[in-house]
Every structure is written in structure tokens, then in C-alpha cells.
Amino acid sequence: MAVVVKVQTDSFDAGDLLNALTGQDSSCGAVASFIGQVRGGDDLVALELEHYPGVTEQALGRIADEAVRRWSLGEAVIIHRVGRMAVGEPIVFVGASAPHRRAALEATSFMIDILKTQAPFWKREHTISGSHWVEPRPGDDEAASAWLTGEKESTA
């Protein structure tokens, strides 16, 4: 079992990350991933993310470790970017390999839902008319809470 966690300013190649997960563990028959990118709209020009170095990586590591434990993953990967990113650029890659598809899919969903609320990132939107900090979305809290309270159960 392996956990890979990185916070970086550079972009990443999601295909390379997915290929690195594939075929690494012969006991894993499933690989699942999620790629988040800067969504356009509302005159958005760019998104800027800040983080708390060291603390953010530890938080992401705990999330990945928990996913490995819950779903007996072969590997869990979280790559998250910080800095300024234009519309369409990738922000986050979350991936998991597991013996079965449901475990890989659920673990990936768990990691992205939990990191949205438990990893210390701050978002600032840059629009044509100015900049503002983004408040957390209530839906993110609800999604994370469902995993933490057992409303979403692992079926692996």
C-alpha cells in the first residue's frame, strides 16, 4: 500500500498520474480517479489558492491514509495545486487503486469530499470586475459529513 500526497504550483499530467496507478499492484483490479479543474462563468478570469505549508500536506496525508484503511487500497494519490490558475487548468487529482471497482470509486469520492472541508486551502476568485475570497459551500460540508457520520458507508 502506498500513499502519494503533493501540494505544488506546477500543473500536472492527469494521464501520467493515472498511468502510474495502473498495473502497479497485481492484487488491484480497479483504478478510479477524479480531476478537478477551474470552472469558468461569472466573468471568472483565474482562481488563486493559498495553503498552510506543512499543515496542508499532513491533512491530505491523513485523508489518504484513512481511505487506504477503509477500503484496503493498493494506492491513494492526492495532488493539489496552489497559486494562480486560469479557467480550464487542473487543480486537483485524486486517485485510488483497489481490488474491486466499488472500493476504488468510493475511496476517490471520499477523498475529494473530505479534502474540500478538512484541508486548509483558501480560494480567491479573480474576475473582470475584481477579486474576492470564496466562502465554503454548504454542500461540501454535507458531503463530508455524510462520510464522517456513516450516512455513506463503505461497501468494500
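**Helix packing and sheet architecture**

In the predicted model, Glu106, Ser109, Phe110, Asp113, Ile114, Lys116, Thr117 and Gln118 of helix H3 meet Asp140, Asp141, Ala143, Ala144, Trp147 and Leu148 of helix H4, where contact means heavy atoms within 4.5 Å. By class, six nonpolar, three polar and five charged residues make up the contact of H3 with H4 (Ala, Val, Leu, Ile, Met, Phe, Trp, Tyr, Cys and Pro count as nonpolar, Asp, Glu, Lys and Arg as charged, and the others, Gly among them, as polar). Residues are numbered from 1 along each chain as its sequence is written, and side-chain values use heavy atoms, with hydrogens and water left out. Because the model is predicted, local features need pLDDT of at least 70 and side-chain atom pairs count only at pLDDT 80 or more, whereas totals for chains, interfaces and linings use all residues.

The secondary structure of the protein comprises four helices and eight strands, taken as DSSP runs numbered from the N terminus (helices H or I, at least four residues; strands E, at least two). Read from the N terminus, the elements of the protein follow the order β-α-β-β-α-β-β-β-α-β-β-α. The radius of gyration of the protein is 16 Å, close to the 15 Å that the globule rule gives for 156 residues, so the protein is as compact as a globular protein of that length; the radius is taken over C-alpha atoms, and the rule is 2.2 Å times the number of residues to the power 0.38. Along the principal axes, the C-alpha atoms of the protein fill a box of roughly 50 × 35 × 30 Å.

Two packed helices are described by the angle between their axes and the distance between the axes. Helices H3 (residues 101-118) and H4 (residues 138-149) pack at an angle of about 125 degrees, and their axes are 8 Å apart (axes are lines fitted to C-alpha atoms, for helices over the stretch in contact, with angles from 0 to 180 degrees between N-to-C directions). That geometry makes H3 oblique to H4, given that angles under 35 degrees count as roughly parallel, over 145 as roughly antiparallel, 65 to 115 as roughly perpendicular and the rest as oblique. The crossing in which H3 passes H4 is left-handed, that is, the near helix is turned anticlockwise from the far one by less than a right angle, a clockwise turn being right-handed.

Helix H2 (residues 55-71) also packs with H3, at an angle of about 155 degrees and with the axes 10 Å apart; H2 and H3 are therefore roughly antiparallel to each other. H2 passes H3 in a right-handed crossing. On the H2 side the contact is made by Ala59, Leu60, Ile63, Ala64, Glu66, Ala67, Arg70 and Trp71, and on the H3 side by Ala103, Glu106, Ala107, Phe110, Met111, Ile114, Leu115 and Gln118. The residues of the contact of H2 with H3 divide into twelve nonpolar, one polar and three charged.

One open sheet contains four strands in the order E1-E4-E6-E2, with mixed pairing (two strands pair if DSSP finds at least two bridges between them). Its edge strands are E1 (2-8) and E2 (30-37), each of which pairs on one side only. Neighbouring strands of this sheet are turned against each other by 5 degrees on average, direction ignored. Strands E4 (residues 75-81) and E6 (residues 90-98) pair in the antiparallel sense over six bridges, and glutamate 75 stands opposite serine 97 in E6. Helix H1 (residues 14-21) lies across E2, E4 and E6 and runs at about 15 degrees to E6, while H3 lies across E2, E4 and E6 and runs at about 145 degrees to E6.

Another open sheet of four strands has the order E5-E3-E7-E8 and antiparallel pairing. E5 and E8 (130-133) stand at the edges, each with a single partner strand, so one side of each is left without a neighbour in the sheet. Here the average turn between neighbouring strands is 25 degrees, direction ignored. Strand E3 (residues 44-51) pairs with E7 (residues 121-127) in the antiparallel sense over seven bridges; leucine 47 stands opposite glutamate 125 in E7, and glutamate 50 opposite tryptophan 122 in E7. E3 also pairs in the antiparallel sense with E5 (residues 83-86), over four bridges, with leucine 49 standing opposite glycine 83 in E5. E7 and E8 run antiparallel and are joined by four bridges, with histidine 126 opposite serine 131 in E8; E7 and E8 form a hairpin with two residues between them.
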